[in-house]
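Please read the following with the sequence and the coordinates open. The text goes from single residues to the sheet and then to the helices around it.

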Amino acid sequence: MWEWGCNIRLENNSNLWGKTMSKKSIMITGVSTGIGLGTLSYFVKNGFHVYGSVRNSKDASRLKKIYKDNFTPLIFDVTKEAQLKKAVAFLKKDLKNSNLLALVNNAGVAISGPLLHQKVKDFEKQIDINLNGAFRVIKYFAPLCGAEKNNSSKKGVIFNISSISGKIGMPGVGAYTASKFGLEGLSHSLRRELMRYGVDVVVIGPGPIKTEIFDKIDKKFIQSLKKTDYANDAKGIPKRMKNAKKIAFPAEEVGKLVFNALHNPNRKTRYAITPSRMMYWTLPMLLPDRILDRLIKSRSG
């Protein structure tokens, strides 16, 4: 699990923040690793200036050294409203009269466990970061994409990073699935609400992507299931993670998809990106629920 609670450090630090060098600017949350980092890298390579949220000054400095004037780090926690307000005030001033061309809502965590054995505080934390956090970011940053009255600059697109779990509920990831199902519903309502401003909302639903999550198997969590009815399922977690890592797409592939969707005037409302598409996406979406239930049960034993 990730820990949050960093402080905003925006004031009077020109060496860290630099200056916005491009009129083509986007904002990505959670850029220190994984999909956020891959999307940051792809957009910088293609001529964009990226504002990206990180949780601490160490990550901000590390990424600033790599991407230099093409990147402006913002240090905030998506669960801390006061920090978000400070970050958006800085960004509004830095953008001057232009809009963000994209807001990529990526920051999130995955807290696993069978629902009957999951702590209430962990379930609430999962929802607060992945769903409530996305809502907070949208609330404060959407106007900078042009979602406000009398904004005549080029309008941006809001990309909400969901998951295959945003459509398919698998055992052991109920809290995560709940957060992503919620994000998908939020996205549909938001898209229809923002039509009046010309701001589009798109869902990106990745399958296995090469991120640090595959190297963070919680041994204590697996140990905790040994005395439950899910003990046999827990034994297979390391192997399943290892197999998924082998076929996972590079994180930059998600960035490429976001980039292409941003520039497509006929973009879809949702994109799925996954290796082994037939197994991870097509069949689960086509099969009746009861048949899929039986297949999952036979696989898990």
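A residue is called buried when its relative accessible area is under 20%, exposed when that value is over 50%, and partly exposed in between. The model described here is predicted. Glu184 has a relative accessibility of 4%, so Glu184 counts as buried. This residue lies in helix α6. Setting aside residues up to four places away in sequence, Glu184 touches Ser162, Ser163, Gly166, Lys167, Val203 and Arg270.

Gly34 can be treated in the same way. Its relative accessibility is 12%, and Gly34 therefore counts as buried. Gly34 is found in helix α2. Apart from neighbours within four places in sequence, Gly34 is in contact with Thr211, Glu212 and Ala251. For Gly34 and Ala251, the C-alpha to C-alpha distance is 6.0 Å, while 217 residues separate the two in sequence.

The chain as a whole gives the setting for these two residues. Of its 301 residues, 50% count as buried. Among contacts between residues at least 6 apart in sequence, 72% join residues at least 24 apart. The chain has 12 helices and seven strands.

What is the order of the seven strands in the open sheet? The order is β3-β2-β1-β4-β5-β6-β7, and the pairing is parallel. The edges are taken by β3 (71-75) and β7 (270-273); each has a single partner strand, so one side of each is left without a neighbour in the sheet. On average, and with direction ignored, neighbouring strands of this sheet are turned by 20° against each other.

Strands of a sheet pair through backbone hydrogen bonds, and the pairing may be parallel or antiparallel. One pair in this sheet is β4 (residues 102-105) with β5 (residues 157-161), joined in the parallel sense over four bridges. Within that pair, Asn105 stands opposite Asn160 in β5. Another parallel pair is β2 with β3, over five bridges. There, the bridge partner of Val54 is Ile75 in β3.

Is the edge strand β3 mostly covered or mostly open? β3 is mostly covered, with five of its five residues buried. In a regular strand, side chains alternate between the two faces of the sheet. Both faces of β3 are covered: Phe71, Pro73 and Ile75 are buried on one side, and Thr72 and Leu74 are buried on the other.

The next step is from the sheet to its helices. Strands β4 and β5 pair in the parallel sense. Helix α2 (residues 34-45) packs on the sheet and touches β1 (25-28), β2 (49-54), β3, β5 and β6 (200-206); the direction of α2 makes about 170° with that of β1. Helix α5 also packs on the sheet, touching β1, β4 and β5, and its direction makes about 165° with that of β4.

Helix α5 (residues 120-141) packs against helix α6 (residues 174-194) as well, at an angle of about 20° and with the axes 8 Å apart. Angles under 35 degrees count as roughly parallel, so α5 is roughly parallel to α6. The crossing of the two helices is right-handed. From α5, the residues Phe123, Gln126, Ile127, Asn130, Leu131, Ala134, Phe135 and Ile138 meet Ala175, Tyr176, Ala178, Ser179, Lys180, Gly182, Leu183, Leu186 and Leu190 of α6. By type, the residues of this contact divide into 12 nonpolar, four polar and one charged.

Definitions and conventions:
Residues numbered from 1 in each chain as written. Predicted model: local features only at pLDDT ≥ 70, side-chain atom pairs only at ≥ 80, totals over all residues. Heavy atoms only, no water. Axes fitted to C-alpha atoms, helices over the stretch in contact; angles between N-to-C directions. Parallel < 35°, antiparallel > 145°, perpendicular 65-115°, else oblique. Left-handed = near helix turned anticlockwise from the far one by under 90°. Contact = heavy atoms within 4.5 Å. Nonpolar A, V, L, I, M, F, W, Y, C, P; charged D, E, K, R; others polar. Buried < 20%, exposed > 50% of the residue type's maximum accessible area, 1.4 Å probe, protein only. Pairing = 2+ DSSP bridges.
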